[in-house]
Amino acid sequence: MTSEPSHITSRDNTLLKELRKLSHEPGVYRKMGRIWLEGDHLCRAARERGVRPAVAVFAESIWPAARGEWANAAAKTVIVADALMAGISGLESPAQMGFVLDLPQRPAVESHVATVVLDRLQDAGNVGSILRSAAAFGFTQIIALKGTAALWSPKVLRAGMGAHFGLRLIEGVELGALDGLSVPCVATSSHRGDWLHRANLPFPCAWLMGHEGQGVSAELEARAAHHIRIAQPGGEESLNVAAAAAICLHASAVGAKS
């Protein structure tokens, strides 16, 4: 049975210091072994996937209304004075609740599932958006090579909108981790390969998505069994990587069912 909530009124509380770090420092969760989910949307997404947080945190002003729904959500519940709760957040409009999760252990690469490989993507918004597209279109595994934005950072979590909890996330690995894949790799290219709208795409496969400016590295591109170009009738030089990923993953999902 969940115990009664505890109340925090001091800015120097150990938990609050931890949450401020988790909220403001993108990669600190790796050292601390904990993740901070801010806001009811992410908390609901985690709960719907069966995730039970270590700690649920609520602003004092919303707890009376939230208690009926969230009282047993976590092993431990804490109530924080509103001014202190606002001090945790890195957002202009701070959320009034959040979950602390234990960082999941990095899973092994599954060889045969639909996968997206992220090669040194720097922008947290792009990474989170690709995770959303992957979850929407049936790509269940994400492999983030070293140099890619931290998958469990607050900005990537917000951009992912809950997609994290439906995906197998493997981050911080070297190129050799892809040796465990048995599905064909597919790379986007601006200058060679089949046009996406005419291509016979394999499924499952592993789409290779590269750095925003440099694209897929030569070493990673050498692993591709297929190269794909996206037609751009409007004449722009290139697409944002998150937009390109959404188009490619959708094409794979639709092609697999047709």
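## Close-up views of a predicted model

**Figure 1. The whole chain.** Nine helices and twelve strands make up the protein chain. The model is predicted. Taken along the principal axes, the C-alpha atoms fill a box of roughly 60 × 35 × 35 Å. The chain has 258 residues, and 47% of them count as buried. Contacts between residues at least 6 apart in sequence were also sorted by separation: 74% of them join residues at least 24 apart.

**Figure 2. The seven-stranded sheet.** Seven strands form an open sheet with parallel pairing. Their order is β8-β7-β6-β11-β9-β12-β10. β8 (168-173) and β10 (194-195) are the edge strands, and each pairs on one side only. Strands of a sheet pair through backbone hydrogen bonds, either parallel or antiparallel.

**Figure 3. Strand β9 between β11 and β12.** The order of the sheet places β9 between β11 and β12. Strand β9 covers residues 185-188, and strand β11 covers residues 206-210. Three bridges join β9 and β11 in the parallel sense. Here Ala187 stands opposite Leu208 in β11. β9 also pairs with β12 in the parallel sense, again over three bridges. On that side, Val186 has His226 of β12 as its bridge partner. In a regular strand the side chains alternate between the two faces of the sheet.

**Figure 4. The edge at β10.** Edge strand β10 covers residues 194-195. Its partner is strand β12 (residues 226-229), and the two pair in the parallel sense over two bridges. Trp195 stands opposite Arg229 in β12.

**Figure 5. The largest nonpolar core.** This core holds 71 residues. Leu37, Val57, Phe99, Val116, Leu118, Ile142 and Trp207 touch the most other members. Helix α9 (residues 241-257) gives the most to the core, with six residues. Another core lies apart from it and has 15 residues, among them Leu145, Leu178, Ala206 and Ala224.

**Figure 6. Surroundings of Phe99.** Phe99 is one of the residues that touch the most other members of the largest nonpolar core. Residues up to four places away in sequence are not counted here. Phe99 touches Ile35, Trp36 and Leu37, among others. Its further contacts include Cys43, Pro53, Val55 and Ala56. Trp70 and Ala73 are also in the list.

**Figure 7. The cavity.** How many cavities of 30 Å³ or more does the structure hold? There is one. The largest cavity encloses about 30 Å³ of space. Rolling a probe the size of a water molecule over the atoms shows where empty space is left. Trp36, Leu37, Glu38, Leu42, Pro154, Leu157 and Arg158 line the largest cavity. Both β2 (34-38) and α7 (154-160) supply at least two residues of this lining. Five lining residues are nonpolar, none is polar and two are charged.

**Figure 8. Leu157 in helix α7.** Leu157 lies in helix α7 and helps line the largest cavity. Is Leu157 buried or exposed? Its relative accessibility is 1%, so Leu157 counts as buried; the cut-off is under 20%. Neighbours within four places in sequence are left aside in what follows. Leu157 is in contact with Ile35, Trp36, Leu37 and Leu42, among others. Other contacts of Leu157 include Leu151, Trp152, Gly162 and His164. Gln96 gives a distance for comparison: Leu157 and Gln96 are 61 residues apart in sequence and 17 Å apart in space, C-alpha to C-alpha.

Technical notes: Residues are numbered from 1 along each chain as its sequence is written. This is a predicted model: local features need pLDDT of at least 70, side-chain atom pairs count only at pLDDT 80 or more; totals for chains, interfaces and linings use all residues. Side-chain values use heavy atoms; hydrogens and water are left out. A nonpolar core is a set of buried Ala, Val, Leu, Ile, Met, Phe, Trp, Tyr and Cys residues joined through side-chain atoms within 4.5 Å. Buried means under 20% relative accessible area, exposed over 50%, partly exposed in between (1.4 Å probe, protein chains only). Helices (H or I, at least four residues) and strands (E, at least two) are DSSP runs, numbered from the N terminus. Contact means heavy atoms within 4.5 Å. On a 1 Å grid over the protein atoms alone, a cavity is a set of points where a 1.4 Å probe fits but cannot get out, and a pocket is an open set with protein on both sides within 12 Å along at least five of seven lines; lining residues have an atom within 4 Å of a point. Grid points are joined across faces, edges and corners, and a volume is the space filled by probe spheres set on the points. Ala, Val, Leu, Ile, Met, Phe, Trp, Tyr, Cys and Pro count as nonpolar, Asp, Glu, Lys and Arg as charged, and the others, Gly among them, as polar. Two strands pair if DSSP finds at least two bridges between them.
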